[in-house]
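Here is a walk through one protein model, element by element. Have the sequence and the coordinates open as you read.

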Amino acid sequence: MLIRTSCRQESFADSIFSVRSPEVLTSEFRARSLKVTPQRQLLFRLLHGHTGHPTAEALYAEASAQMPGISLRTVYQTLNDLVSMGELSSLQFAGSSTRFDPNVDDHHHARCDECGELRDVYVDHFDSLLVSGFAGFTPERASIVFGGVCADCG
Ligand SMILES: [Zn+2]
Ligand SMILES: [Zn+2]
């Protein structure tokens with residue numbers, strides 16, 4: 001079987017693959033008749049260029065520091081809208097809060113069993129993995145999570 005992965009090599013000069021710019025997200029939201037408030041624009045700015053995998057609570061703390069009064073509900077709603085638009089991905093791990101991933105490049109993750117730190121890893125030749133057992137199933141996406149221990153916890 002073949003898993004298609006998109007190639008964004010052409011924009012490698014940027015080297016950071018983050019969510020699109022606040023300006024682009026603003027027009028995408030407007031195109032979908034979604035409200036664009038100053039609170040949402042602040043979240044667009046925080047996510048653009050974010051290099052971690054924040055939880056909604058962590059983004060809420062960052063946003064509150066700049067705009068006291070922003071609600072956690074607004075943060076959740078904005079993140080969920082971005083996920084359903086394909087501008088952001090969400091990652092779930094058993095027993096911990098959803099992590100939001102502003103890196104929209106094709107990548108995989110290494111997660112520390114001790115502290116939950118999540119780092120981006122790239123897998124060469126991912127599209128030529130030999131997988132068996134797909135009879136009667138159409139795979140649409142796949143990702144690898146390497147479990148282990150980070151340098152701080154090791
Ligand atoms: Zn760790
Ligand atoms: Zn990631």
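## The sheet, starting from one bridge

Let's begin with a single pair: His-108 has Val-121 of strand 4 as its bridge partner. That bridge belongs to the pairing of strand 3 (residues 108-112) with strand 4, where the two run antiparallel and are joined by 4 bridges. Bear in mind throughout that this is a predicted model. The hairpin made by strand 3 and strand 4 leaves 5 residues between the strands, and Gly-116 there takes a positive phi near 80°.

What does strand 3 do with strand 5? Those two pair in the parallel sense, again over 4 bridges. If you want a landmark for that pairing, look at Ala-110, which stands opposite Phe-146 in strand 5. Put the pairings together and you get an open sheet of 3 strands in the order 4-3-5, with mixed pairing. The edges are strand 4 (118-121) and strand 5 (145-148), each of which pairs on one side only. From one strand to the next, the twist averages 25°.

A bit of background while you're looking at it: strands of a sheet pair through backbone hydrogen bonds, either parallel or antiparallel.

## The other hairpin

Strand 1 (residues 89-93) and strand 2 (residues 96-101) run antiparallel and are joined by 4 bridges. One of the places to check is Ser-89, whose bridge partner in strand 2 is Asp-101. The hairpin of strand 1 and strand 2 has 2 residues between the strands. Here Gly-95 is the residue to look at, with a positive phi near 75°.

## Stepping back

How many helices and strands are there in the protein? The count is 4 helices and 5 strands. Reading from the N terminus, the order is α-α-α-α-β-β-β-β-β.

Two overall numbers help set the scene. The protein has 154 residues, of which 18% count as buried. Among contacts with a separation of 6 or more, 58% are between residues 24 or more positions apart.

## How the helices pack

Two packed helices are described by the angle between their axes and the distance between the axes. Take helix 2 (residues 38-47) and helix 3 (residues 56-66): they pack at an angle of about 120°, and their axes are 10 Å apart. The crossing of helix 2 and helix 3 is right-handed. On the helix 2 side, the contact uses Leu-42, Leu-43 and Leu-46; helix 3 brings Leu-59, Glu-62, Ala-63 and Gln-66. Sorted by class, that contact of helix 2 with helix 3 has 5 nonpolar residues, 1 polar and 1 charged.

Next along is the pair of helix 3 and helix 4 (residues 72-84), whose axes come within 9 Å and cross at roughly 120°. The two helices are therefore oblique to each other. The crossing of helix 3 and helix 4 is right-handed. From helix 3 the contact takes Ala-56, Leu-59, Tyr-60 and Ala-63, and from helix 4 it takes Leu-72, Val-75, Tyr-76 and Leu-79. How does the contact of helix 3 with helix 4 divide into nonpolar, polar and charged residues? There are 8 nonpolar ones, no polar and no charged. Leu-59 and Ala-63 of helix 3 are worth a second look, since they are listed in the contact with helix 2 and also in the contact with helix 4.

## Two residues outside the elements

Ser-21 sits in the segment before helix 1 (22-31). Is Ser-21 exposed or partly exposed? It's partly exposed, because 13 other C-beta atoms lie within 10 Å. In sequence, Ser-21 and Phe-44 are 23 residues apart, while their C-alpha atoms are 7.4 Å apart in space.

Towards the other end, Asp-152 lies in the segment after strand 5. Asp-152 counts as exposed because it has 9 C-beta neighbours inside 10 Å. Its C-alpha is 9.5 Å from that of Cys-112, with the two positions 40 residues apart in sequence terms.

Conventions
Residues are numbered from 1 along each chain as its sequence is written. Chains are lettered from A and ligands numbered from 1 in the order in which they are written. This is a predicted model: local features need pLDDT of at least 70, side-chain atom pairs count only at pLDDT 80 or more; totals for chains, interfaces and linings use all residues. Axes are lines fitted to C-alpha atoms, for helices over the stretch in contact, and angles run from 0 to 180 degrees between N-to-C directions. A crossing is left-handed if the near helix is turned anticlockwise from the far one by less than a right angle, and right-handed if clockwise. Two residues are in contact if their C-beta atoms, placed from the backbone, lie within 7 Å. Ala, Val, Leu, Ile, Met, Phe, Trp, Tyr, Cys and Pro count as nonpolar, Asp, Glu, Lys and Arg as charged, and the others, Gly among them, as polar. Two strands pair if DSSP finds at least two bridges between them. Angles under 35 degrees count as roughly parallel, over 145 as roughly antiparallel, 65 to 115 as roughly perpendicular and the rest as oblique. A residue is buried if 20 or more other C-beta atoms lie within 10 Å of its own, exposed if 12 or fewer, and partly exposed in between; C-beta atoms are placed from the backbone.
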